[in-house]
Amino acid sequence: MENLKKMAGIKAAEYVKDGMVVGLGTGSTAYYFVEEVGRRIKEEGLKITAVTTSSTTSEQARRLGIPLKSIDEVDEVDEVDVTVDGADEVDTDFNGIKGGGGALLMEKVVATPTKTYIWVVDESKMVGKLGAFKLPVEVVQYGAEQLFRRFKHAGYKPSFREKNGKRYVTDMQNFIIDLDLGVIENPVEFGQKLDHVVGVVEHGLFNQMVDMVIVAGRNGVQILKSTKSKGE
């Protein structure tokens, strides 16, 4: 499995060119993409500037000597040219669930101004319908118990994410409530419903945002291109 992730990550790095502003994703597959970008900077003299989607990725990038800037330093003229990130599930309509690594808010913030948004996954992440992977929902700490009860009453089977026996706190100092939904029949509609829940900062449904999915499998690397644009 790790070899498949590495294949996808290295393939994605081919889309990075000199002079680009590059979004560096978070997670086990995006890790290999970041490593390959770092190698190209060191060995090939690649010249880019990067923005990151988590403190973990920032640490990795600094270790590799990848020049960084804040997403707030990226203006309308100087957009993010390409962002490469992982995904926990991808359906046949190019909707996805992200946030298994706890960075969904920062990942979506970076993805939104990106010209070409790419996911790198192994073939096990491709599904007919989303929902087997629990849907992460990032919530403010104040009132989190109220939100939890609301989700439970709605039948979403919520659970607070924990780490080392304590509630997991994101880089943005929020909690994550994971929803065990089983099957999400209409990801777009469900995402819009969560968008209007007070106290929800962001959710892990990345609907119709991705331009390309690089899938590594036992038979090699497959590139799937979406015909839909972000926000449509």
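User: What makes strand 8 and strand 12 the edge strands of the open sheet?

Analyst: This is a predicted model, and in it four strands form an open sheet in the order 8-11-7-12, with antiparallel pairing. Strand 8 and strand 12 each pair on one side only, and that makes them the edges. From one strand to the next, the twist averages 30°.

User: How do you know that strand 7 and strand 12 really count as paired?

Analyst: Two strands pair if there are at least two bridges between them. Strand 7 and strand 12 are joined by three bridges and run antiparallel, so they meet that rule. One place to look is Val-137, which stands opposite His-203 in strand 12.

User: Which helices lie across strand 7, strand 11 and strand 12?

Analyst: Helix 4 (residues 104–111) does, running at about 70° to strand 12. Helix 5 lies across strand 7, strand 11 and strand 12 too, plus strand 8, and runs at about 155° to strand 8.

User: Why are the buried residues of helix 5 said to line one face?

Analyst: The buried ones are Ala-144, Leu-147, Phe-148 and Phe-151. Looking down the axis of helix 5, they fall within an arc of 105°, so they line one face of the helix. An α-helix has 3.6 residues a turn, so residues three or four places apart point the same way. On the other side of helix 5, Gln-146 and His-153 are exposed.

User: And what do those buried residues of helix 5 pack against?

Analyst: Strand 7, strand 8, strand 11, strand 12 and helix 6 (187–195). After helix 5 comes Gly-155, with a positive phi near 85°.

User: Why is Phe-148 called buried?

Analyst: The cut-off for buried is under 20% relative accessible area. Phe-148 has 17%, so it counts as buried. Phe-160, at 14%, is buried as well, and so is Phe-175, at 11%.

User: What makes the pair of Phe-148 and Phe-160 stacked?

Analyst: Rings pair if their centres lie within 6.5 Å, and planes under 30 degrees apart count as stacked. For Phe-148 and Phe-160 the centres are 5.0 Å apart and the planes are at 10°, so the pair is stacked. The two sit in distant parts of the chain: Phe-148 in helix 5 and Phe-160 in strand 8, 12 residues apart.

User: Why is the pair of Phe-160 and Phe-175 called edge-to-face?

Analyst: Planes over 60 degrees apart count as edge-to-face. The planes of Phe-160 and Phe-175 are at 85°, with 6.1 Å centre to centre, so the label fits. This pair links strand 8 to strand 11, with its partners 15 residues apart. Phe-148, Phe-160 and Phe-175 form one aromatic cluster.

User: How do you know that strand 3 is mostly covered?

Analyst: Six of its six residues are buried. Strand 3 also has parallel partners: three bridges join it to strand 1, and five bridges pair it with strand 6. Thr-83 takes part on both sides, as the bridge partner of Gly-23 and opposite Tyr-117 in strand 6.

User: Which residues have the most contacts inside the largest nonpolar core?

Analyst: That core has 24 residues, and those with the most contacts inside it include Val-16, Phe-33, Val-37 and Ile-48. Its largest share, four residues, comes from helix 2. Apart from this core lies another, of 21 residues, among them Leu-130, Tyr-156, Phe-190 and Leu-205.

Conventions: Residues numbered from 1 in each chain as written. Predicted model: local features only at pLDDT ≥ 70, side-chain atom pairs only at ≥ 80, totals over all residues. Heavy atoms only, no water. Buried < 20%, exposed > 50% of the residue type's maximum accessible area, 1.4 Å probe, protein only. Arc of directions from axis to C-beta. Contact = heavy atoms within 4.5 Å. Core = buried A, V, L, I, M, F, W, Y, C linked by side-chain atoms within 4.5 Å. Axes fitted to C-alpha atoms, helices over the stretch in contact; angles between N-to-C directions. Phe/Tyr/Trp six-rings, centres within 6.5 Å; stacked < 30°, edge-to-face > 60°.
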